[in-house]
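Here are my notes on the model, point by point. Please read them with the structure open.

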Amino acid sequence: MAYERREIPPEEVARQLEYCRRIRERHTGTPLALVDTYGCQQNEADSQRLRGWLQEAGYAFTEDAHAADLIVVNTCAVRQHAELRALGNVGQLCHTKKEKPGQKVVLCGCMVQEPGMVEKLRKSYGVVDLALGPHELWRFPELLERMLREGRRVFAAEDQPGAVAEGLPVRRDAGVKAWLSIMYGCNNFCSYCIVPYVRGRERSRRPEEILSEFREILAEGYRDITLLGQNVNSYGKDLGLGVDFADLLALLCREEGAFRLRFMTSHPKDATEKLLRTMAENPKCARHLHLPVQAGSNRILKAMNRVYTREGYLKTVEAARRYMPDLVLTTDVIVGFPGETEADFQETLSLVRQVEYDAMFTFLYSPRPGTPAAKLPDPETREAKQRRFDQLLEVQNAVSARKHAAYVGKTVEVLVDGESGERDYPFTGRTSGGRLVRLRGEGARPGRFIPVTVTGSNTWALWGETRE
Ligand code: SAH
Ligand code: SF4
Ligand code: F3S
């Protein structure tokens with residue numbers, strides 16, 4: 001596979017700051033921007049970078065589309081539903097634009113990088129003033145400045161090697177949770193998935209860049225930090241520095257202070273003993289592993305190009321629990337992959353019953369044009385797929401409820417992260433395993449780690465009281 005990495009020189013990033021200055025000079029007053037995000041945490045993290053650029057360019061922020069001078073829609077392409085929702089909302093913006101002359105609309109994110117999308121936007125979505133793919137995020141100021149200055153539509157979504165840019169500004173959300181991208185792109189080409197096509201090949205950030213951003217995040221007071229990548233387990237392979245993902249985890253855990261380190265997502269084929277051991281040895285690593293299984297039948301796993309087998313996966317789960325008996329395990333499952341039979345689905349059900357995940361994200365297969373799976377015959381009816389989906393959810397919900405009920409009476413360490421809006425249990429927090437806790441009692445304050453005795457539970461959450 002071609003080595004596809006485009007390092008953006010620091011002078012180029014500095015040039016973007018110069019474009020921010022030019023944009024600032026155009027403003028009379030403080031313009032407002034709204035950034036609307038679809039999709040995964042990677043996109044959330046990108047939106048924080050977009051806000052960073054916009055802040056440099058003199059914008060303040062709003063949640064109100066009617067008040068915004070600039071609307072940025074950061075799109076996802078992973079399922080058709082996400083795409084239709086984003087396009088629907090963009091379509092609606094022609095109304096707000098009429099009410100607010102001069103309002104500009106920017107479309108970015110994974111959807112823009114799909115083949116043919118720029119043409120579609122040009123022809124059918126006149127409301128879009130600027131569209132840029134994920135590889136262009138580092139030069140957003142330049143593109144925005146051009147669109148504003150020339151007063152015409154700008155499109156930038158070349159098919160090119162993915163960029164790695166350092167030193168981009170970022171405006172993180174308030175609170176205790178922060179994202180930290182450690183790598184971009186994906187090399188796995190699971191047969192159903194569009195991500196490798198729109199996000200390019202795997203590119204890891206250098207460990208020293210990650211460490212320096214990590215320190216900045218801690219210094220700003222964040223306590224729950226999630227390392228992001230489509231497959232964090234292959235971190236560093238492209239750098240050739242002899243630093244793998246487990247080494248990176250260990251490096252970050254050496255930092256002083258109270259924090260929790262999480263990561264998303266780890267591909268089961270690359271989840272090594274070394275990773276599990278490193279997690280176990282470092283209490284600052286959250287006791288949570290999101291290990292997407294996708295299917296329980298070897299035939300379907302093969303057709304999905306997931307590379308592991310059911311048996312291999314179960315071995316990894318067993319090892320993970322051996323290293324960390326208190327580990328919270330979550331997963332993703334796709335129901336209705338082309339050619340999935342009732343027997344295949346029963347294997348997924350039996351795996352889910354066997355593993356007993358704490359929580360699961362379930363998706364109905366969505367054909368993505370250009371992926372190999374989209375060309376496979378798919379004889380099963382929508383109704384049959386929906387039935388399977390509902391059945392799977394029912395089985396999982398019962399397991400989740402049972403697992404949550406087992407917390408009642410126990411005392412767990414919770415990081416208080418916000419207010420719940422509920423009178424009786426005014427605060428929310430998370431356990432190390434990522435379980436949501438609604439809590440009350442002395443000492444509950446966002447940002448604090450605090451022992452909480454669990455008093456109640458349901459399928460999705462726990463309730464508890466502080467011990468102070
Ligand atoms: N890189 C991550 C997943 C990113 S996409 C990983 O491999 O774990 C998040 C989830 O969306 C996937 O785990 C999968 O369950 C689901 N997904 C991806 N493509 C899909 C499609 N075409 N239809 C339905 N679900 C899909
Ligand atoms: Fe998609 Fe597979 Fe890559 Fe995850 S690992 S982003 S599912 S191709
Ligand atoms: Fe969607 Fe792109 Fe993430 S397709 S799931 S936003 S990587």
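1. Salt bridges overall. The model is predicted. A search of the whole structure turns up 44 salt bridges. Side chains of opposite charge can pair when their charged atoms come close. Three pairs and one network are taken up below.

2. Glu 7 and its partners. Arg 5 and Glu 7 form a salt bridge through their side chains, at 2.7 Å from N to O. Arg 5 is buried, because its relative accessible area of 14% falls under the 20% cut-off. Glu 7 has 42% and is partly exposed. Glu 7 also meets Arg 206 in a salt bridge, with an N to O distance of 2.9 Å. That second pair ties together parts 199 residues apart in sequence, because Glu 7 sits in strand β1 (residues 6-7) and Arg 206 in the loop between β11 (203-204) and α7 (207-219). Arg 206 is partly exposed, at 28% relative accessibility.

3. Glu 340 with Arg 388. How far apart are N and O in the salt bridge between these side chains? The distance is 3.0 Å. The pair links distant parts of the chain, 48 residues apart. Glu 340 belongs to the loop between β15 (328-335) and α12 (342-355), and Arg 388 to helix α13 (residues 382-405). Buried or exposed? Glu 340 is buried, with a relative accessible area of 4%. Arg 388 is buried too, with a value of 4%.

4. A network. Salt bridges link Arg 49, Glu 166, Arg 172, Arg 205, Glu 213, Glu 216 and Glu 220. It is worth displaying these seven side chains together.

5. Ligand 2. Which residues surround this ligand? The shell consists of Cys 186, Asn 188, Phe 189, Cys 190, Tyr 192, Cys 193, Val 195, Pro 196, Gln 230, His 267 and Arg 306. By class, seven are nonpolar, three polar and one charged.

6. Ligand 3. Around this ligand lie Cys 40, Asn 43, Cys 76, Ala 77, Val 78, Cys 110, Arg 199 and Gln 230. Five of the shell residues are nonpolar, two are polar and one is charged. Gln 230 appears in the shell of ligand 2 and in that of ligand 3.

7. Fold and packing. The protein chain has 13 helices and 21 strands. Its radius of gyration is 23 Å, close to the 23 Å from the globule rule for 468 residues, so the chain is as compact as a globular protein of that length. Along the principal axes, the C-alpha atoms fill a box of roughly 60 × 60 × 50 Å. Of the 468 residues, 56% count as buried. Of the contacts between residues at least 6 apart in sequence, 75% join residues at least 24 apart. The chain exposes about 20200 Å², and carbon and sulfur atoms supply 50% of that area.

8. Backbone points to check. Most residues other than glycine have a negative phi, and most peptide bonds are trans. The peptide bond from Met 264 to Thr 265 is cis, with omega near -5 degrees. Thr 265 lies in the loop between β13 (260-264) and α9 (273-281). Asn 305 has a positive phi, near 60 degrees. Asn 305 is in the loop between α10 (298-303) and α11 (310-323) and is partly exposed at 34%. Val 307 has a positive phi of about 80 degrees. Val 307 is also found between α10 and α11. Val 307 is exposed, because its relative accessible area of 62% is over the 50% cut-off.

How values were computed: Residues are numbered from 1 along each chain as its sequence is written. Chains are lettered from A and ligands numbered from 1 in the order in which they are written. This is a predicted model: local features need pLDDT of at least 70, side-chain atom pairs count only at pLDDT 80 or more; totals for chains, interfaces and linings use all residues. Side-chain values use heavy atoms; hydrogens and water are left out. A salt bridge is a side-chain nitrogen of Lys or Arg within 4 Å of a carboxyl oxygen of Asp or Glu. Buried means under 20% relative accessible area, exposed over 50%, partly exposed in between (1.4 Å probe, protein chains only). Helices (H or I, at least four residues) and strands (E, at least two) are DSSP runs, numbered from the N terminus. A residue is near a molecule or strand if one of its heavy atoms lies within 4 Å of it. Ala, Val, Leu, Ile, Met, Phe, Trp, Tyr, Cys and Pro count as nonpolar, Asp, Glu, Lys and Arg as charged, and the others, Gly among them, as polar. The radius of gyration is taken over C-alpha atoms; the globule rule is 2.2 Å times the number of residues to the power 0.38. Contact means heavy atoms within 4.5 Å. Accessible areas come from the Shrake-Rupley method with a 1.4 Å probe; for residues, only the protein chains shown count as cover.
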